[in-house]
Amino acid sequence: MTRTTRTRYAAVVAVAAVALSACGGGSSSSSAGGDSSEPVQGGDLTIARAADAISMDKTTTFDNNSIYVMQQMMQPLFTVSDDGSEVQPLLATGYEVSDDQLTYTITLRDDVSFTNGDPMTAEDVKFSLDENTATGSDGWGFVNAAIDTVSVVDDQTVTVALKYPWAPLIADLSIFANGIIPADYDGQTAEQFYEAPVGTGPFVWDEWQRGQYLKLTANPDYWGDAGPYLDSVTWTVVPDANTRKLQLQGGQIDIDDTPDWSSFESLSSTPGVTATAFPSTRMDYIAFNQQVEPFSDVHVRRAIAFAIDRESMVDAVLYGNGEAANSLLSPGTPYYDESVEGPTFDLDEARAEMAQSSVPDGFSTSLLIASGDPNQASVAQIMQSQLAELGIDMEIRQLEPTANKQARLASDFDMTISAWTMDIPDPDQWTSFAVDPEGGSHSAFTYWDDQAVIDLNQQAQREIDSDARQDLYTQIQEQAGESAFLAYLYYSPYAYAMTESVQGFQVTPLGNYPLAEVYKTP
Amino acid sequence: MFDRLRFVPIRLLQSIPVVFGVTVVVFFMVHLLPGNPALVLLGQSATPERVAALNDQLGLNEPLWDQYLTFLGNLFQLDLGQSITYQRPVTELVASAVPITLSLLAYALVLSLAISIPLAALAASAPGRVRDAAVRAFTLLGQGMPQFWVGIMLILLLGVKARAFPVGGYGQTPAEHLYYLFLPALTLAIAMSPTTIRSLRASTINVLGSDYVGTARSKGAAGIPLFRQHVLRNAAIPTVSIIGVNLGYLVGGSLVIEKVFAVPGLGSLMVNAIFARDFPTIQAVALVVALFVVVVGILTDVVYTAVDPRVDLASQERA
């Protein structure tokens, strides 16, 4: 789509929207949680989503549907702010860093109890952090790789001694896997404990019928100032997006987790329903396999990166609910720099890069996508026609989702579509995965290996001063953009639709949604 | 009567190699799929090293034959293994899904008979007339509509517009189950009834023209009593086999319908297990479905023998 037709299209949509709202009457706003009325006590919240949770073991579970549930029961020492930009104390009251930056002294709240009635103490904190560290690479232990020892000073104080200076430590402690549970699993085995976990959170374990529903009930003795207002929260499993949408419209559920973008508009114009796009840390990108020629040639990668019309993709795939990506980092990630200029759509620039490359007349290649994913299929089709203008003959190769992952891990692809979402409010988790070949994934499976950027990344890991860190991460974002080792596509928000009675539902850029302060109006 | 059921144990014996064959084929086919459970479990953090380590821990790096023999050995002790995804016994997962799918199928069968018998009788009572044409048009329509589409239409009309039924789910009490499963069962029944109606209509027309019906008529029998006492039982004989075969297919159809209606039965369990490469669960569900088809086949023959005293399957087995 050219710029003029796009403008015209936008004008038509705007006119249609005005017409619709004029005759529809009850069309809803698209902001949630903005209600200033007094919270209402009571009520049961039902959230429908495509898949069930799989485990409540916080240290070895990588599945978001599980993580979003366990976070309501088990809380970490620190947590991310609503906008994702900073880390705030939760079960901790604060911390101090030693001059050599190798020892963190963390003080704990003295008014926190577990839902079994026991007060939370430094012993529990040490046990919980050590438990996660011990999982190593079989779980989330790798996040704690910099931790040497955790020691109890007194009931309300622990020290964390590091093997080397490590700037992301406090962000790392805010991950769910470092959530605090009673020492020695409250006298049970780990397996027994995670069948019905106990934590300090606003909700307590109730019941799980696997494949059907998972239910938590309110913790009446919650230590926090506000909430929980709801009596219970139930997550149901409704695999089909269309069925979830109809259940919401039929009033059978309160929240539809991840409605299709294609139905987002119609949901937000349904009376009594609110559809909200929450800013995320998700960045979708094209990865070039540099082991396959001609992708080791920076000009080829840059040519493709310039040839991609990201705005069209945002319109076609996200129905306008997102932004073209300019950087390796997403706007919801700390140290994101919006002034960084990643390649943007410019066919002249793309042709100039192709002319300088090793394959000025074009070449044949393929793009690996996951079958059954309409978003990836749209991106692939748009790319196919745009690359044809550079003489690049791109075949679309579809594999079933798990087979697709297998091919990516085995570097069995030319180009592939992938995405990253942050688990920790610190860029390091992603940058170490993406730019450092030693990060375990050969630089996000691209085999990109640029010593200057690797050095910058390692410096940033050890830099405590946030201004200096910003400078380092800006340089990484600039150099990664210039090398076009990935072609960034777009930043897509998290889609949720809910009935208008749901108040205070907020999703952080990391994807989790604390439910303590959510309530339902009658 | 019992004498005529002697074929049942023989059929059961014959089904052992069938079920065994299914376990072999399913086991090796699922392992031919590219990808493994560790890839799915580790999510975006999967790296080749961590995937290899987790597969090792899950015992998936053992030779396939060893894994199969372990599976078979456990099977003889009625142990279907641990689900890789949920880390709990597969038997537990299957045991909670089987009653759901079975009740869905039974419900669908009852509804489809409730639709088919009156419509077939109506059509057969006046072959070639308007009501016959109307019933035949309905069967064509029923056959032509894809199941998932019928399901979505029923949800839209009866769930969203009329709000008479819930939009998917299963409920928590037996009464709720009946209520929640009505629409999916109706969807399956609509898919199943066209062949039943056609078969029943054809055989009813046949039976209505036979001498014994003529005799019954001459003795004053007519209307519904005539149909119930003299026609239905004889006309039902060919239809029983057709329903038996259809029930086998219906298990496949229920995979799609369970997804549309968010019914947590065997179909949902199977689909999720395939995406997650949860091998033990896939094998267990395949085994249960194979057993189901075998049992339905035998039950069909039992019903067949009961409806038609002339049929003697036991003597055929001997021949």
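In this predicted model, chain A carries an open sheet of seven strands, ordered S8-S9-S10-S1-S11-S19-S12, and the pairing within the sheet is mixed. Its edges are strand S8 (203–209) and strand S12 (273–278) of chain A, each of which has a pairing partner on one side only. Going from neighbour to neighbour, the strands are turned by 20° against each other on average, direction ignored. As a reminder, strands of a sheet pair through backbone hydrogen bonds, either parallel or antiparallel.

One of the pairings inside this sheet links strand S11 (residues 255–257) of chain A with strand S19 (residues 494–499) of chain A; the two run antiparallel and are held together by three bridges. Here Ile255(A) sits opposite Met498(A) of S19(A).

Two helices pack against this part of the sheet. Helix H6 (residues 241–249) of chain A lies across strand S1 (44–49), S11, S12 and S19 of chain A, and its direction makes an angle of about 165° with S11(A). Helix H7 (residues 261–268) of chain A lies across S12 and S19 of chain A, running at about 135° to S12(A).

Elsewhere in chain A, strands S5, S6 and S7 are linked through antiparallel pairings. Strand S5 (residues 103–108) pairs with strand S7 (residues 157–162) over five bridges, with Thr105(A) standing opposite Thr159(A) of S7(A). On to strand S6 (residues 147–154) of chain A: six bridges tie this strand to S7(A), and Val152(A) has Val158(A) in S7(A) as its bridge partner. The link from S6(A) to S7(A) is a hairpin that takes just two residues.

As for the nonpolar interior, the largest core counts 222 residues, and those with the most contacts inside it are Leu77(A), Ile286(A), Ala487(A), Leu489(A) and Val285(B). Helix H5 (residues 90–125) of chain B supplies the largest share of this core, with 14 residues. What does Leu77(A) touch, leaving out residues up to four places away in sequence? The list is Leu90(A), Leu91(A), Ala92(A), Ile106(A), Val125(A), Leu173(A) and Ile180(A). One of these, Ile106(A), falls within strand S5 (residues 103–108) of chain A.

Finally, there's helix H12 (residues 401–409) of chain A, where the buried residues are Thr402(A), Asn404(A), Lys405(A), Gln406(A), Arg408(A) and Leu409(A). After H12(A) comes Ser411(A), which has a positive phi, near 55°.

Conventions. Residues numbered from 1 in each chain as written. Chains lettered and ligands numbered in written order. Predicted model: local features only at pLDDT ≥ 70, side-chain atom pairs only at ≥ 80, totals over all residues. Pairing = 2+ DSSP bridges. Helix = DSSP H or I, 4+ residues; strand = E, 2+ residues; numbered from the N terminus. Axes fitted to C-alpha atoms, helices over the stretch in contact; angles between N-to-C directions. Contact = placed C-beta atoms within 7 Å. Core = buried A, V, L, I, M, F, W, Y, C linked by C-beta atoms within 7 Å. Buried ≥ 20, exposed ≤ 12 C-beta atoms within 10 Å, placed from the backbone.
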